[in-house]
2 protein chains.
Amino acid sequence: MNILDKITRNSELFSKSEKKVAEAILANPQTAIHSSIATLANLSGVSEPTVNRFCRRLDTKGFPDFKLHLAQSLAQGTPYVNRNVDENDGPEEYTNKIFESTMAALDIAKQSVDISTINRVVDLLTQAKKISFFGLGSSASVAHDALNKFFRFNVPVVYFEDIVMQRMSTMNSTEGDVIVLISHTGRTKSLVEIAQMARANDAIVVGITAADSPLGRESNYVLSLDVPEDTDMYMPMASRIAQLTLIDILATGFTLRRGNKFRENLKRVKESLKDSRFSLN
Amino acid sequence: MNILDKITRNSELFSKSEKKVAEAILANPQTAIHSSIATLANLSGVSEPTVNRFCRRLDTKGFPDFKLHLAQSLAQGTPYVNRNVDENDGPEEYTNKIFESTMAALDIAKQSVDISTINRVVDLLTQAKKISFFGLGSSASVAHDALNKFFRFNVPVVYFEDIVMQRMSTMNSTEGDVIVLISHTGRTKSLVEIAQMARANDAIVVGITAADSPLGRESNYVLSLDVPEDTDMYMPMASRIAQLTLIDILATGFTLRRGNKFRENLKRVKESLKDSRFSLN
DNA sequence: TCAATTTTGTAGTAAAATTACAACTTAAGT
DNA sequence: ACTTAAGTTGTAATTTTACTACAAAATTGA
């Protein structure tokens, strides 16, 4: 639907000159919608028909129709586009690009989450006897963060980044335990094995991973996040950030579900941190 | 701003035929934006110049410009605002709110970063003999993530979340070492002490923290991020996510600075991960 | 290296929007 | 009721903009 996304994502569909047009538009979409086909052709350094062909390739009726779509995208509140960092970018460029593509990734992820699964998982977490968060590599820090968040809730929660510890912990799991496994690809062998072990012990497995993956298939519940692929080398993994946001959501759902008395408790935890801090002045 | 509102409200400004145009547009705005001036004139039962005059009266440059404004009005969705989660929100509401306020936080953080400091810090990191990332609490997982990213670069990098280990490591630091300390508030006592120790050893201290804070003042370089305060209990800490994005930016700057041969190396690391994964099928 | 295919631009054409101006309408003053 | 001036609307010409057909250039594969 959103034509700006379409331009960024289907960039391989364009020919060389069409890519120039795409760049010119992405560089300054506000200018683009107020330009005539001739002006935009100039700006992109191509001929008018090329601009026209570019519009057609995006399934619009022509240039004016394209401008309409573009105007709508801009108004839609999605000013963030996933622009790739390239070799010649200076600090200003790559800083802005990374911020923007992270926001764009979150926006896409937002549209892909399944609310009812979230609700169900929050349910399970509030009733869990023990909650475990496991991940490896870059997902380990996400699991680590989850530990931090849930630890404040004063519930039994564990986190390991060591495969052996993860296995040992899982072997001792029982019915009523919830094990959250985090993996972007869902193809990390040792996590898939953990999922199998956990289910054999009647523990519930929640996968924060791709739905159609070995880990996804071994999980009782899958929270999948569509995140634009990190196509090139420079692109940082936006999936981590989407995963963290998902953790925030689960933690928030958890707090809301627990009700008022529980939140009093949370305040106390926050207070207790003050001792390890310098005062405000 | 919104042109649809303007049409409805300022109806007394229009002449008789212009009102016909207004009606025709309000009756079916979706059709209007896809019509030519001739079609719309027909639909309204007036002449083409009348339609044009109608557009001008609404302070647009002409018919095409008017269509753009109209298209934007129609597409106008909710922009990213920092809406707080409240007690009565269901899963759908709090999920959307958290995604949106995270994006809003990134947007604000983006505007507050100091590019020249980033550039300077990237410089230091590429020349460092050893890089350390330390954080506590929720900043520990950010440091953990930084370790992951920089570890791939095959540079000497360490990370500890244990205060004692952090101190020991810092005591052995020397000139040429860079120590990155992460703390949202910048008031964590033990990190401030580490900053002092590090500087006493001629190591360079980079603080990812508030500029005007004890830790900020003890750092050689401060990368500060303005992030909306988590005003209430339910609000998750968006600062973590902004910090992670900053780590991404530093890592990207690092890769870009190191040049081509270095990136070949990165590819090899990516390849080597494949063995621990299931194949794509 | 040559033929086939794709991509791109030039020049001409068609369509759309705008302008200038004339005709009509309306309302006020005589 | 007639005249006139201001305002409104439409016709026709003009200008601008977008599109099409075709030819040149570039790319690809044999």
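This note covers the surface near DNA strand D, one helix of chain A and the nonpolar cores.

1. **Basis.** This is a predicted model, in which local features need pLDDT of at least 70, side-chain atom pairs count only at pLDDT 80 or more, and totals for chains, interfaces and linings use all residues. Residues are numbered from 1 along each chain as its sequence is written, chains are lettered from A and ligands numbered from 1 in the order in which they are written, and side-chain values use heavy atoms, with hydrogens and water left out.

2. **Chain A overall.** Chain A has 14 helices and five strands (DSSP runs numbered from the N terminus: helices H or I, at least four residues; strands E, at least two). Of its 281 residues, 55% are buried (under 20% relative accessible area, 1.4 Å probe, protein chains only). Take the contacts (heavy atoms within 4.5 Å) in chain A between residues at least 6 apart in sequence: 67% join residues at least 24 apart.

3. **Who lies near DNA strand D.** There are 18 residues around DNA strand D (near means a heavy atom within 4 Å). Ile37(A), Asn52(A), Arg56(A), Ser15(B) and Ser17(B) come nearest. On the DNA side, sugar and phosphate supply 71% of the strand D atoms that come within 4 Å of the protein.

4. **Make-up of that surface.** Six of its residues are nonpolar, seven polar and five charged (Ala, Val, Leu, Ile, Met, Phe, Trp, Tyr, Cys and Pro count as nonpolar; Asp, Glu, Lys and Arg as charged; the others, Gly among them, as polar). H5 and H6 of chain A, plus H2 and H5 of chain B, each supply at least two residues. H5(A) gives the most, with four.

5. **Polar contacts to strand D** (N or O pairs within 3.5 Å). Backbone N or O atoms of Phe63(A) and Ser47(B) each lie 3.1 Å from a phosphate oxygen. Arg53(B) reaches a base instead: a side-chain N or O atom is 3.1 Å from a base nitrogen.

6. **Helix H11(A).** Residues 189-200 span 17 Å from first C-alpha to last, close to the 16 Å expected (1.5 Å times one less than the number of residues). Buried residues here include Leu191(A), Ile194(A) and Ala198(A). The buried residues pack against S1, H10, S3, S4 and H12 of chain A. Just after the helix, Asp202(A) has a positive phi of about 65°.

7. **Cores.** The largest nonpolar core (buried Ala, Val, Leu, Ile, Met, Phe, Trp, Tyr and Cys joined through side-chain atoms within 4.5 Å) has 86 residues. Phe150(A) and Phe150(B) have the most contacts inside it. Another core, of 44 residues, lies apart and includes Ile3(A), Leu68(A) and Phe14(B).

Methods
A polar contact is a pair of N or O atoms within 3.5 Å; within protein, one must be able to donate a hydrogen and the other to accept it, and residues adjacent in sequence count only if both atoms are side-chain atoms. Buried means under 20% relative accessible area, exposed over 50%, partly exposed in between (1.4 Å probe, protein chains only).
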